[in-house]
Amino acid sequence: MPVDVARMTKVFERPKSLTEARYTYCPGCHHGVITRIIGQTIDELGIAERTVGIAPVGCSVFAYLWYRCDAVQVAHGRASAVATGIKRARPDLVVFSYQGDGDFASIGTAESLHAANRGENITVIFVNNQIYGMTGGEMAPTTLVHQKTTTTPDGRDPATCGYPIRFSEIIATLDAPVYVTRQALYDTRRIQDCTKAVKKAFQNQVDGKGYSLVEILSTCPTNWRMSPTQANEHVANVVTQVFPLGDLVDRG
Amino acid sequence: MALRQLLRGNEAIAEAAIRAGCMCYFAYPITPQAELLEHMARNMPRLGRTFIQAESEVAAISMVYGAASAGVRTMTSSSSPGISLKQEGISYLAGSNLPSVIVNVVRGGPGLGNIAPSQCDYFQATKGGGHGDYHMIVLGPSTVPEAAQLTTLAFDLADLYRTPVMILADGLLGQMLEPVELPEPIDPASLPRKEWAATGAAGRDPNIILSFDLGPDNLKRMNEALQAKYREIRKREIRYEESDVADADLVIAAYGSTARIAKSALQMARAEGLKVGLFRPITLWPFPYDALRAVADHVDTVLTVEMSAGQMWEDVRLAVAERAKTPFYGEMGGVVPTPRSILNEVRKDAR
Ligand SMILES: Cc1ncc(C[n+]2csc(CCOP(=O)(O)OP(=O)(O)O)c2C)c(N)n1
């Protein structure tokens, strides 16, 4: 029987605030899922026309291509400071930064921490894939103990490289942030939770409540040398042991 | 009626920035520009504008990048070691065509150096400093009133050319008190809208601010556009001052505070019957090569005087191109040349 498209109900579509541009991400990487969640959130809150996104340096350097909203591409690690500048200049805009773990928790340590400490009314999406994806799989501040990377070929040795940094927990010690949470995407339940968290983090800003941070445990099948399925299992079984999921601060 | 006040250079720059419609100011404390930061801390919030004492100069310049992206007039200030930290941000501002004003109240270097006046950051300011093929417009005030005037100009040029502009002052100018006639404050809302800014894509396609393109051909085009802009700036914005050059045998080339001291030396030299003039670049980039060359055509000597080991001296020699002798007299480490020490050099060279 021929399919009558006109009589079919659409149950799933690309968020209006995402463009048609194709992702530059590797298969199985969660950056694409996160991008979609943000797009959906922007749609649901109806804020596309007053949102400014910040693209960092890292695999998501092209983030400005995916959203139908204004965007600013910035220097490595400085996204939270740039977000501060935009938001203070135009408090009516909704400003979100999108940052990898190297960007947010290594080179941008000072900018990330102090934007949080000032309680800037911004939304930070912190994508923790425990590796430097863009530059070929070097150690990140979040790399697990004994995890092999191109700069820890024998595995991360805490004696010389220290331990994976739980940056969200550090931010959670501050008085200003209104919402700090760690989420994951390894199954549909987590994707739903993460979607709620992202929405809340944007809603907080729209409501003028202050600084919200959503850390998302992400995968890097390419540099982890795993299949997408193995990578998901690795997050569920191993990564969450070091980076426990859940809300760290909720003063909303 | 324009108001006449007794102000330090640092305060005059701060107040002129406010009157030019600077909406967001971000900086980290450092001597000898602290009064600038403090003036902004007292006055910006009172006017409903943004003042942030940033966690570092890196953060401050990144905040400038954000505010400039959002289309408002914005400024940061610092002194030499802090300006070194801002180089990353300045390169990004230039690459992303973002109007912004950066004040460097130069102190002795390298390293921590000291807090005394110096002109040792000329190379960094005029030749790049950060990475990439870029320039900033660099303005070198030599008096407190001029510091205020050039601050107004800096904001106008930044907007006109969508470029970072640096005010290259020094510790002497920053601390010096002089009567200043400040311009009337402008209403920031009266400034032309920046159609390119990231202000929310309502009823238009998204605006994207970036300095990036992976494709060499595209990045080459972006670079060519920058160079075309720099050619325009070179054509239209060169500024300098000449004093007593018409009949001069020797012309002193100096900028900033040093030029002001050199003026006293010039008067002393003239009193002794020596035919001395002064050539003072006001735009250090673009440098007034042609104007100085025209001067060099009818003098014997162009004596460069700087508070450095001879940085502007390189531009002077490029301009003079062997048409005259080009001796140099410089002081370093925060030592300020006196009218008498310059006069001694003039006497040597005028012989
Ligand atoms: C100042 C500076 N240092 C280093 C780099 C090179 N670099 C580009 S991306 C990157 C790592 C990014 O890692 P992360 O933030 O974890 O994001 P991911 O690529 O994993 O998504 C580095 C070091 C740069 N562009 N700029």
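Angles under 35 degrees between two helices count as roughly parallel, over 145 as roughly antiparallel, 65 to 115 as roughly perpendicular, and the rest as oblique. Keep that in mind for the helix pairs below. What you're looking at is a predicted model.

## A helix pair at the start of chain B

Let's begin with helix H1 (residues 9–19) and helix H2 (residues 34–43) of chain B, which pack at an angle of about 40° with their axes 7 Å apart. By the ranges above, H1(B) and H2(B) are therefore oblique to each other. Their crossing is right-handed. On the H1(B) side, the residues that take part are Asn10(B), Glu11(B), Ile13(B), Ala14(B), Glu15(B) and Ile18(B). They meet Glu35(B), Leu36(B), His39(B), Met40(B) and Asn43(B) in H2(B). Sorted by class, this contact has 5 nonpolar, 3 polar and 3 charged residues.

## Another helix pair in chain B

Now go on to helix H3 (residues 57–69) and helix H5 (residues 87–95) of chain B. Their axes come within 8 Å and cross at roughly 20°. That angle makes H3(B) roughly parallel to H5(B). Here, too, you'll find a right-handed crossing. H3(B) brings Val58(B), Ile61(B), Ser62(B), Val64(B), Tyr65(B) and Ala68(B) to the contact, while H5(B) brings Glu88(B), Gly89(B), Ile90(B), Tyr92(B) and Leu93(B). The class count for H3(B) with H5(B) is 8 nonpolar, 2 polar and 1 charged residues.

## The chains as wholes

Stepping back, here are the two chains.

| Chain | Helices and strands | C-alpha box along the principal axes |
|---|---|---|
| A | 10 helices, 9 strands | roughly 60 × 55 × 30 Å |
| B | 13 helices, 15 strands | roughly 70 × 50 × 40 Å |

Chain B has a radius of gyration of 20 Å, close to the 20 Å that the globule rule gives for 351 residues, so it is as compact as a globular protein of that length. For chain A, with 252 residues, a compact globule would have a radius of gyration near 18 Å, and the chain's 18 Å agrees with that.

## The seven-stranded sheet

Chain B has an open sheet of 7 strands, and if you walk across it you meet them in the order E3-E2-E4-E5-E7-E6-E13, with mixed pairing. At the edges stand E3 and strand E13 (283–285) of chain B; each has a single partner strand, so one side of each is left without a neighbour in the sheet. Ignoring direction, neighbouring strands are turned by 20° against each other on average.

Within this sheet, strand E5 (residues 100–106) and strand E7 (residues 164–170) of chain B run parallel and are joined by 7 bridges. If you want a spot to zoom in on, find Val101(B), which stands opposite Val165(B) in E7(B). The other chain also gets involved: helix H3 (residues 79–89) of chain A packs on the sheet, touching E2 and E3 of chain B, and its direction makes about 150° with that of E2(B).

## The five-stranded sheet

There's also an open sheet of 5 strands in chain B, in the order E10-E12-E11-E14-E15, again with mixed pairing. Strand E10 (240–243) and strand E15 (328–330) of chain B are at the edges with a single partner strand each, so one side of each has no neighbour in the sheet. From one strand to the next, the twist averages 20°.

Strand E11 (residues 250–253) and strand E12 (residues 276–281) of chain B pair in the parallel sense over 4 bridges. Here Leu250(B) stands opposite Val276(B) in E12(B).

Helices lie across this sheet as well. Helix H12 (residues 312–320) of chain B lies across E11, strand E14 (301–306) and E15 of chain B, at about 165° to E14(B). Helix H13 (residues 339–350) of chain B lies across E11, E12, E14 and E15 of chain B, and runs at about 160° to E14(B).

## Where the chains touch

How many residues of chain B are in contact with chain A? There are 31 of them, and they touch 28 residues of chain A. On the chain B side, the elements that give two or more residues are strand E2 (24–27), strand E3 (50–53), H3, H5 and strand E9 (208–209). H3(B) gives the most, with 8 residues. That side divides into 20 nonpolar, 9 polar and 2 charged residues.

Strands pair up between the chains, too: strand E2 (residues 70–73) of chain A and E9(B) pair in the parallel sense over 2 bridges. Look for Ala71(A), which stands opposite Ile208(B) in E9(B).

Technical notes. Residues numbered from 1 in each chain as written. Chains lettered and ligands numbered in written order. Predicted model: local features only at pLDDT ≥ 70, side-chain atom pairs only at ≥ 80, totals over all residues. Pairing = 2+ DSSP bridges. Axes fitted to C-alpha atoms, helices over the stretch in contact; angles between N-to-C directions. Contact = placed C-beta atoms within 7 Å. Left-handed = near helix turned anticlockwise from the far one by under 90°. Nonpolar A, V, L, I, M, F, W, Y, C, P; charged D, E, K, R; others polar. Rg over C-alpha atoms; globule rule 2.2 N^0.38 Å.
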